[in-house]
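Subject: Structure handover

Hello,

Here is the structure I promised to pass on. Please open it first, then read the notes below.

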Amino acid sequence: MYKILKKEALNPTVTRMVIEAPFVAKRAKAGQFIILRVREQGERLPLTIADSNPEKGTVTIIFQVVGETTMLLNALNEGDCLKDFAGPLGKPSVIDGNKKVCIIGGGVGCAIAYPTAKAFHEAGADVTTIVGFRNKDLVILEEEFKKVSDAYYLMSDDGSVGEKGLVTNKLEDLITGGEKFDEVVAIGPIVMMKFVSLTTKKYNIPTTVSMNPVMIDGTGMCGGCRLKVGDEIKFACVDGPDFDGHLVDFDQAMARNTAYKSFEAHKRDEACH
Ligand code: FES
């Protein structure tokens, strides 16, 4: 059993939990994910590893309460245990300490962008971070990002915190202002990753995106997480989750991710009653 050692609300809908999972903690690298189950008959929920501590044997996860399973997970408290916590799964992000990188996080995607920014920083890279949220109440991990960033820019849709505008506005301002990024890493809503990739393509900057499609088994068997990347079909759980943003078919990924929305809403309503 995997005990919840710490639980903390980062904003009204996003929670951070530290889980006792020594075998996962020992091998976890930035970019990898776990699949957990809250209970025996429960859904398998993939979540990116937000942090890990091999000495303490702990793994940190950050999740947004959006459906039945995340509601059930969020109802657990410190001292409670998860049924399963399998991982680390997926390929680790490729980290190069000699680069000048721009890490872009959108909304709860910042939970995934943070370990990547931290890994680049610890490897010696020059890290610029741009994060975007709808408003000031949704901002997460501000202090954590500042600690691992040489430059940090906070954007909000309504201007209630940081600068008003999109992450792509700031990215383009920096590029046209003379910043020379060797790589851009974008993690957040699919539409954000699409427009970051379209922006960087204009300037020929290599771009990595972290894809988070529907997953079931997490082992490359079910095909649930398939994506079109260039001319190939890839599985996010075993070939990713990181892919070349200039090759991903974002429109197809968006269509597949919305296919289960009404079913998820139905399950969420059931769980509320
Ligand atoms: Fe089944 Fe990736 S989750 S193939």
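A residue counts as buried under 20% relative accessible area, as exposed over 50%, and as partly exposed in between. Lys136 has 47% relative accessibility, so Lys136 is partly exposed. Keep in mind that this is a predicted model.

**Two domains**

The domain assignment splits the protein chain into domain 1 (2-89) and domain 2 (100-255). Their C-alpha centres are 22 Å apart.

The two domains touch. On one side, 18 residues of domain 1 make contact with 20 residues of domain 2. Between them, domain 1 and domain 2 bury about 1500 Å². Carbon and sulfur atoms account for 61% of that area.

Polar links cross the interface too. There are 4 residue pairs in polar contact between domain 1 and domain 2, both residues being at pLDDT 80 or more. Five elements each give two or more residues to the side of domain 1 that touches domain 2: strand 1 (2-11), strand 2 (14-20), strand 3 (33-37), strand 4 (45-53) and strand 5 (58-64). Strand 4 supplies the largest share, 5 residues. By class, this side of domain 1 has 11 nonpolar, 4 polar and 3 charged residues.

The count of salt bridges between domain 1 and domain 2 is 2. Asp51 and Lys118 form a salt bridge through their side chains, at 2.9 Å from N to O.

**Salt bridges**

Side chains of opposite charge can pair when their charged atoms come close. The count here comes to 15 salt bridges. These are some of them.

- Asp126 and Lys100 meet at 3.4 Å, N to O. Asp126 lies in strand 9 (residues 126-133) and Lys100 in strand 8 (residues 100-106), so this pair ties together parts that are 26 residues apart in sequence. Asp126 is partly exposed, at 31% relative accessible area.
- Lys136, the partly exposed residue from the start, pairs with Asp137. The closest N and O atoms of Lys136 and Asp137 are 3.7 Å apart.
- Lys170 bridges to Glu163, with the closest N and O atoms 2.9 Å apart. Is Lys170 buried or exposed? Lys170 is buried, with a relative accessible area of 9%. Glu163 is partly exposed, at 37% relative accessibility.

There is also a network of salt bridges. Glu8, Arg16 and Glu144 are linked in it.

Best wishes

Technical notes. Residues numbered from 1 in each chain as written. Predicted model: local features only at pLDDT ≥ 70, side-chain atom pairs only at ≥ 80, totals over all residues. Heavy atoms only, no water. Domains from an automatic or database assignment. Contact = heavy atoms within 4.5 Å. Buried area = accessible area lost by both parts, 1.4 Å probe. Salt bridge = Lys/Arg side-chain N within 4 Å of Asp/Glu carboxyl O. Polar contact = N/O pair within 3.5 Å; in protein donor to acceptor, adjacent residues only side chain to side chain. Helix = DSSP H or I, 4+ residues; strand = E, 2+ residues; numbered from the N terminus. Nonpolar A, V, L, I, M, F, W, Y, C, P; charged D, E, K, R; others polar. Buried < 20%, exposed > 50% of the residue type's maximum accessible area, 1.4 Å probe, protein only.
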